Amino acid sequence: MFSEEEVAAGDQAAVVPVSDHAPPVVIARTLEATPPRDRAALLDEVSPPDLVKALAMASRRVARAHIERLTPDALASAAASGRDAASAKLLRDLAPDARDEALDAMDEQARSRLQTLLAFPAGTAGSVMHQDTLAVRGDVSIEVVTRYLRRLGAIPSHTNRLMVVDRENRYCGSVRLGDLFLHGSDTQVDSLLEEGIPPLAPLTPLQEVVQLFETREFISLPVVDAAGILLGRITIDDVVPLIRREGEHQIMRRAGLSEDDDMLAPSLATAKRRMLWLGINLLTALLAAWVIGLFDATIEKVVALAVLMPVVASMGGIAGTQTLTVVVRGIALGRLERARIPWMLRRELASATINGLVWAAVVGGLALWWFGSFTLGIVVAVALLVNQFAAALAGALIPLGLERLRIDPALAGGVILTTVTDVVGFFTLLGLGTALLIA
């Protein structure tokens, strides 16, 4: 076995041997940890099925760079021998002409399967469904079904139930595979239909699919169109990578980054992608600096205020971030329903008030002990309490507002929240200082 450190160092001897036996997820991670100049050598040794799976698991930018280097025949071979969902994901990123060339190079069966997936938008159930669904008629007996299964010789992975359809292939329900062995051979299939298995529409967002699998612990779910025709199924094997990808997505978004970024991309490309959020952060920092500038005369006379400014801003920032994280998580997991918003807001404001009173007393007491001024202690305490309250209010309302505007709250929320806590904290502290310490 090899280490990612060896690959990252450009050790070609370490790259080639692993390709013959490494799982696709390991190849994908190693590809991302390999300098761009050495990635072609790694992929040259990967079999077509593993190539498709590995590129589908890699970040979008890394995958795109290598898809475009493949000839239509090579891409067709890789796509036809890989999983349909992974192949469709790669083909979706190609230019239309290149995608058509690759599809034309495939056999009719593979082309038809992939065109079915490509007909649905990315991020929907239809775009990742399996079409290898075992379906039987409801008006046949268990004996007929078991003979059919024996003739197949193999059952698709993660098949825990058989889909039941009518003569027009309309979905009627499903039967547990195990139930076939618990009833007599003359039992009719439709008498064993299982209840509580919701079919998915092909345009169902993948986020909703993930929530269904998480909350109901399904192994597989059918996908049906508006007319009830069975199109395919989604299995837990498809959902687990989505859960992992969403977790990575949340982590990267908090830093204003994308999980599609290439970790080892050239410096100029990386700088361009991050420049926007750094620029926005600069503008918000200038706004906070402008507020401080309004009270420059006060700071000159009461230097202690300058010493205590970071304390007030930092405490507000932490409190606001805690609330923001809770709300964003509730939105992401679908747990923050509209009816619960007032209750959540009251809880966060009450919590902020309690914490504000406690820490205002602590910081005010420290200011009194440090600088020997009772009035200064009162100013700092009140500023901290006000900023804690404002931080909790902003931390709750900002992500809700951004979500309504269809702006990612995990990406933009932190920048706006920091501005609010800095401006409110500085303005309250310096404004009260001017009124009580200078007047």
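**Questions about a predicted model**

Reader: Let me start with one residue: is Gln-388 buried or exposed?

Author: Good place to begin, and please keep in mind that this model is predicted. Buried means under 20% relative accessible area. Gln-388 has a relative accessibility of 5%, so the residue counts as buried.

Reader: Which helix holds Gln-388, and which residue is 5.0 Å from it, C-alpha to C-alpha?

Author: Gln-388 belongs to helix H18, which covers residues 374-404. Among the residues it touches beyond four places in sequence are Met-315, Ala-319, Ala-352, Asn-355 and Gly-356. The partner at 5.0 Å is 72 residues away in sequence, and it is Gly-316.

Reader: Ala-352 and Gly-356 are in H17, I see. How far apart are the end C-alpha atoms of H17?

Author: Ala-352 and Gly-356 are indeed among the buried residues of H17, along with others including Met-344, Leu-349 and Val-363. Helix H17 runs over residues 341-371, and just after it comes Gly-372, with a positive phi near 70°. At 1.5 Å a residue, its 31 residues should span 45 Å, and this agrees with the distance between the end C-alpha atoms, 42 Å.

Reader: Let me step back to the whole chain. How many helices and strands are there, and what share of the residues counts as buried?

Author: The protein chain has 19 helices and 5 strands. Among its contacts with a separation of 6 or more, 68% join residues 24 or more positions apart. Of the 439 residues, the share that counts as buried is 42%.

Reader: What is the order of the strands in the open sheet?

Author: In general, strands of a sheet pair through backbone hydrogen bonds, either parallel or antiparallel. This open sheet has 3 strands and mixed pairing. Strands E1 (135-137) and E3 (171-176) each pair on one side only and are the edge strands. The order is E1-E2-E3.

Reader: In E2, what is the bridge partner of Val-136?

Author: E1 and E2 run parallel, and 3 bridges join them. From one strand of the sheet to the next, the twist averages 35°. E2 covers residues 161-165, and the partner of Val-136 there is Val-164.

Reader: Arg-161 is also in E2. What backbone oxygen does its side chain reach at 3.0 Å?

Author: Arg-161 counts as buried, at 5% relative accessibility. Its side chain makes a polar contact with the side chain of Glu-194, at 3.4 Å. Beyond its neighbours within four places, Arg-161 is in contact with residues including Val-175, Leu-177 and Ile-197. The backbone oxygen reached at 3.0 Å is that of Ser-220.

Reader: And Cys-172: what is its relative accessible area?

Author: Cys-172 has its place in strand E3. It touches Val-164, Val-165, Asp-166 and Leu-193, leaving out residues up to four places away in sequence. Partly exposed lies between 20% and 50%. Cys-172 falls in that range, with a relative accessible area of 42%.

Reader: How far is the C-alpha atom of Cys-172 from that of Leu-230?

Author: Leu-230 is in E5, where it is the bridge partner of Val-224. Cys-172 and Leu-230 are 58 residues apart along the chain. In space, their C-alpha atoms are separated by 9.1 Å.

Reader: In the hairpin of E4 and E5, which residue takes a positive phi near 85°?

Author: E4 (residues 220-224) and E5 run antiparallel, joined by 5 bridges. E5 (residues 230-235) is mostly covered, with 5 of its 6 residues buried. Between the two strands there are 5 residues, and the one with that positive phi is Gly-228.

Reader: Within what arc do the buried residues of H12 fall?

Author: Helix H12 takes in residues 206-216, and Leu-206, Val-209, Val-210 and Phe-213 are buried in it. Seen down the helix axis, these buried residues line one face of H12, because they fall within an arc of 100°.

Reader: Last one: at what relative accessibility does Thr-298 count as buried?

Author: Thr-298 lies in helix H15, residues 296-301. Leaving aside neighbours within four places, Thr-298 is in contact with Leu-305, Leu-430, Gly-433, Thr-434 and Ile-438. Thr-298 counts as buried, with a relative accessibility of 6%.

Note on methods: Residues numbered from 1 in each chain as written. Predicted model: local features only at pLDDT ≥ 70, side-chain atom pairs only at ≥ 80, totals over all residues. Heavy atoms only, no water. Buried < 20%, exposed > 50% of the residue type's maximum accessible area, 1.4 Å probe, protein only. Helix = DSSP H or I, 4+ residues; strand = E, 2+ residues; numbered from the N terminus. Arc of directions from axis to C-beta. Pairing = 2+ DSSP bridges. Axes fitted to C-alpha atoms, helices over the stretch in contact; angles between N-to-C directions. Polar contact = N/O pair within 3.5 Å; in protein donor to acceptor, adjacent residues only side chain to side chain. Contact = heavy atoms within 4.5 Å. Expected span 1.5 Å × (residues − 1).
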